[in-house]
Amino acid sequence: MPTPTHSQPQPLPSELFTDREVSKKRFKENLDKPQLSAEYRILSWFGVGGQGKTALVEEFDRILKSKQATARSIPPLAHALIDFENANNRAIATALLAIRGQLHATSGLHFPTFEFACLRYLALTQPDVDLKDLRTRFFTAGAPYLDSLLQAMFALGELGGAVHAIPGFSLITKYGTKLLGKAGQTFIDWWNDSGGRTLYDIDELSQDALLRRLPSCFGADLMDALARKRPPRIVIMLDTYEALWRGRGLRDGPGALRIDDWVRLLVQDSPGVMFIIFGRDKLRWHEIDPEARWNDVISEYLLGGLNRRDANALLIKWRVQESTIRIRMIAGSSSGESHTVDEQTEAYLPFYLELQALTYRNITAQGRVPRPEDFGSDQPQILARFLEHLDGESDKLLRVASYLSALDSEVLDMLSDKFLGGRASTDWSRLYGRSLISEEREGLRFVHNLLRKALQKREQDDRPELYRDIHQALFDWFDIRSGSSELSTVAQEQEPAVLAAIRHLSQFDQKKAVHWASTQMPQLDEAGKWRILEEVCQLVLPLAETNYGAEHRLTTTIWSWLAAAALSNGHYVEAEALYKRVQATQERTLGPNHPSTARTLASLANLYGDTGRYVEAEALYEHVRVIQERALGAEHPSTVTTLANLAKVYRDTGRYGEAEALYEFVQAIQERTFGPEHPWTTATVANLASVYGDTGRYALAEPLFKRVWAIREKVLGPEHPLTATTLGNLASLYLDTGRYAEAEALQERVRAIKEKIFGLEHPSTAKTLANLARVFRDTGRYAEAEALYKRVQAIQEKTLGQEHPLAAMTLANLACGYRDTGRYAEAEALHKRVLAIQERTLGPEHPSTATTLANLANVYSDSGRYSEAEALLSARGRSTKKFSVQCILGPLRCLRI
């Protein structure tokens with residue numbers, strides 16, 4: 001066969017569109033139909049690759065632009081399109097900036113709330129960059145409110161390095177009308193209308209919390225636009241939705257489901273906006289948020305292949321002249337459905353049609369007349385014929401490129417040096433044709449998924465030794481960059497390297513991949529990297545079950561790590577189900593009294609304790625203790641850990657004497673066995689300090705907390721979850737002793753760490769917010785405290801349930817705030833609700849129950865109902881001599897974490 005003379009496959013005309021009459025009709029109907037401001041309209045087209053989704057997106061974009069050009073009046077049309085294939089668009093801030101720019105360009109919309117919040121976020125992430133430079137770089141046009149405030153700050157001489165606190169609520173509070181006057185009337189009108197309300201707490205947010213708030217800020221601006229007398233029609237299109245998960249593990253399980261949280265939040269906060277989403281799979285929003293009833297407002301359409309008529313028309317556009325060849329091409333491009341003469345059946349994939357059209361072009365470029373037999377009769381043949389008609393250099397490059405999903409330049413250089421004779425002689429640009437590689441604006445490109453899979457199958461079959469060598473080289477590359485030797489210090493951008501290493505290793509040695517991943521799991525857990533731990537477990541579980549069996553020890557261990565990650569991430573229902581699955585397997589394979597079975601039972605008891613099921617937790621710990629003492633000995637680390645956990649149950653149920661004695665016993669064993677700075681020893685010391693704090697012995701507690709803090713900061717790092725926990729405990733102690741400024745500063749620091757590690761809605765984050773709210777309340781900032789307590793309440797009731805003691809404690813603190821501000825009826829109702837919960841879950845003799853009882857009596861007293869207050873205390877056996885208008889046990893204290 002003659003060698004092609006051209007140097008690379010020629011792209012087909014990009015302006016050609018694959019007709020999708022039904023889809024276009026649906027889109028136009030929804031676009032023309034009036035939409036209420038409170039109405040959600042979400043349209044999603046999905047289907048496997050190769051069906052022409054990209055062309056459909058381009059056609060929708062053309063429809064929008066045509067409609068905007070011909071009907072600018074009623075109503076004005078604002079539209080934006082971003083593609084998640086572009087890695088920049090997978091970052092929250094840059095994606096929203098891209099949407100903002102397009103909506104402003106198409107209709108002149110302004111986004112003051114988002115711009116202030118985003119500028120502050122950018123300033124926090126780039127503290128050495130001047131605000132003017134950030135404004136110029138990221139807000140190229142249409143930011144009058146932002147410019148107005150910046151100019152006013154310059155006029156006041158206040159825009160220096162210290163004023164990165166913009167958006168400026170605190171600045172406006174400081175400068176008042178002087179600043180507002182210089183900012184101008186437009187800014188003042190916006191501020192009085194909605195700006196002050198929406199920006200109220202942005203100054204207080206950490207960098208990570210602010211990033212998560214950006215979609216809501218964007219939605220607030222969209223709502224302001226839709227509230228105008230003449231609101232615009234707003235359409236936002238999101239393409240290649242599945243790319244959000246690129247490099248993030250499987251698309252299954254709780255961790256994966258939450259990757260697109262920010263998109264869902266943007267949609268949720270933007271009713272009245274029409275969203276169009278394109279991807280390979282159906283949206284799964286209902287799984288993560290079933291109460292939102294997403295299925296009721298999302299219209300989803302399966303995008304199949306082309307019908308025979310449209311496939312033929314497409315090939316004619318691509319200048320395939322011979323009808324016999326077109327018939328052959330169409331038949332070979334079937335999506336797998338039976339061939340049919342029905343012109344309406346969508347059964348033929350545009351991707352394979354396009355490969356065949358490129359083959360046709362390459363043959364004609366050689367000066368040869370194409371024949372029907374030159375074209376494949378099925379998809380593997382189509383690919384084979386396409387590769388046969390590539391020049392040798394392009395074929396070689398394309399095969400090597402198929403080992404990567406993302407064509408990162410550094411990795412390509414490494415592959416060039418190892419397998420292609422050196423980077424100097426390798427020209428990857430030969431591949432950048434439309435059918436082969438999707439291109440991003442920043443230079444990162446992706447091999448078409450269908451092509452990559454097909455090429456990898458050929459490589460595995462045709463060149464098995466090279467297939468192994470290249471994947472081995474890629475594993476070695478990502479192994480080094482995963483930080484596997486010391487994951488406690490791994491940066492967030494390194495975490496995807498762990499997943500990439502597993503993927504490449506699994507291509508030639510699945511068993512080794514399972515073992516390598518298993519060695520990372522304890523380190524990921526110790527480093528507090530629970531989200532990435534969850535994804536690693538999801539990735540290797542199918543490999544472990546296939547190679548070792550569902551009940552093998554290694555498989556069961558991975559299930560255990562998945563349960564531990566779910567528990568640490570606050571997914572309690574999933575964690576309980578996973579632990580019980582592991583327990584059942586271990587009891588069948590190892591027996592009910594095996595130490596491994598006992599370890600799983602102890603983890604299940606931990607979950608019960610974390611969710612306030614103290615009776616179940618204590619019984620299970622006692623059971624585990626008996627098994628471990630018999631099998632391992634009284635001073636074995638596992639047995640001692642169970643004793644420490646049992647002591648925590650004693651403390652959580654107010655049995656402080658028993659807790660203190662047991663903690664001291666455990667501490668003595670751990671210091672003798674592991675030394676004073678071992679993580680287990682420091683955990684026990686921290687728990688003992690908490691008991692001292694709970695019982696008012698602050699002078700004993702403070703030095704212990706500081707000792708633990710110093711050790712954890714040295715051993716684990718300043719942003720490890722356990723370090724943050726110690727800071728939170730120390731902050732609570734400062735609050736208990738009236739050192740409010742120190743307490744607030746530490747709690748804010750803890751808040752930033754927790755929100756960065758766990759996110760905004762994790763129970764551990766909620767505890768920190770509750771402690772911060774207590775600072776606000778104790779310093780008389782009642783409005784701020786109330787808002788924060790209500791936020792904590794929403795998180796806890798969602799993640800822990802309404803009957804959890806922590807949720808009850810939040811309600812109790814909220815009730816005390818009502819009493820402090822004279823809202824006695826509201827305080828009484830909440831205290832009664834709390835009392836009922838605590839009597840059910842903690843018992844009538846628990847100190848927290850007694851505190852609530854005393855606070856309810858104080859509400860009666862403050863509102864002049866003295867006889868009811870006295871009767872309430874007398875009925876509980878309390879001496880009326882102890883009664884005062886202050887809480888008997890002191891103000892409610894937040895539970896320590």
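In strand 4, V235 has M274 as its bridge partner. This contact belongs to the parallel pairing of strand 3 (residues 233-239) with strand 4 (residues 274-279), which extends over 4 bridges; two strands are said to pair if DSSP finds at least two bridges between them. Strands (E, at least two residues) and helices (H or I, at least four residues) are DSSP runs, numbered from the N terminus. The model is a predicted one, in which local features need pLDDT of at least 70 and side-chain atom pairs count only at pLDDT 80 or more, while totals for chains, interfaces and linings use all residues. Residues are numbered from 1 along each chain as its sequence is written, and side-chain values use heavy atoms, with hydrogens and water left out.

The wider setting is an open sheet of 5 strands in the order 2-3-4-1-5, with parallel pairing. Its edges are strand 2 (77-83) and strand 5 (298-302), each of which pairs on one side only. On average, neighbouring strands are turned by 15° against each other, direction ignored; axes are lines fitted to C-alpha atoms, for helices over the stretch in contact, and angles run from 0 to 180 degrees between N-to-C directions.

Two helices that pack on this sheet can now be added to the picture. Helix 1 (residues 21-32) touches strand 1 (41-46), strand 2, strand 3, strand 4 and strand 5, and its direction makes about 170° with that of strand 1. Helix 3 (residues 92-107) touches strand 2 and strand 3, at about 150° to the direction of strand 2.

Strand 1 is mostly covered, with 6 of its 6 residues buried (under 20% relative accessible area, against over 50% for exposed and in between for partly exposed; 1.4 Å probe, protein chains only). R41, L43 and W45 point one way from the strand, and I42, S44 and F46 the other way. Strand 1 runs parallel to strand 4, joined by 6 bridges, and W45 has F278 as its bridge partner there. With strand 5, strand 1 shares 5 bridges, again parallel, and F46 stands opposite L302.

Turning to the interior, the largest nonpolar core (buried Ala, Val, Leu, Ile, Met, Phe, Trp, Tyr and Cys residues joined through side-chain atoms within 4.5 Å) has 128 residues, and L474 and V536 have the most contacts inside it. Helix 24 (residues 530-548) gives this core its largest share, 10 residues. Leaving aside neighbours within four places in sequence, V536 is in contact (heavy atoms within 4.5 Å) with V498, L499, I502, A517, M521 and L524. A second, separate core of 47 residues includes L96, Y121, L122 and F275.
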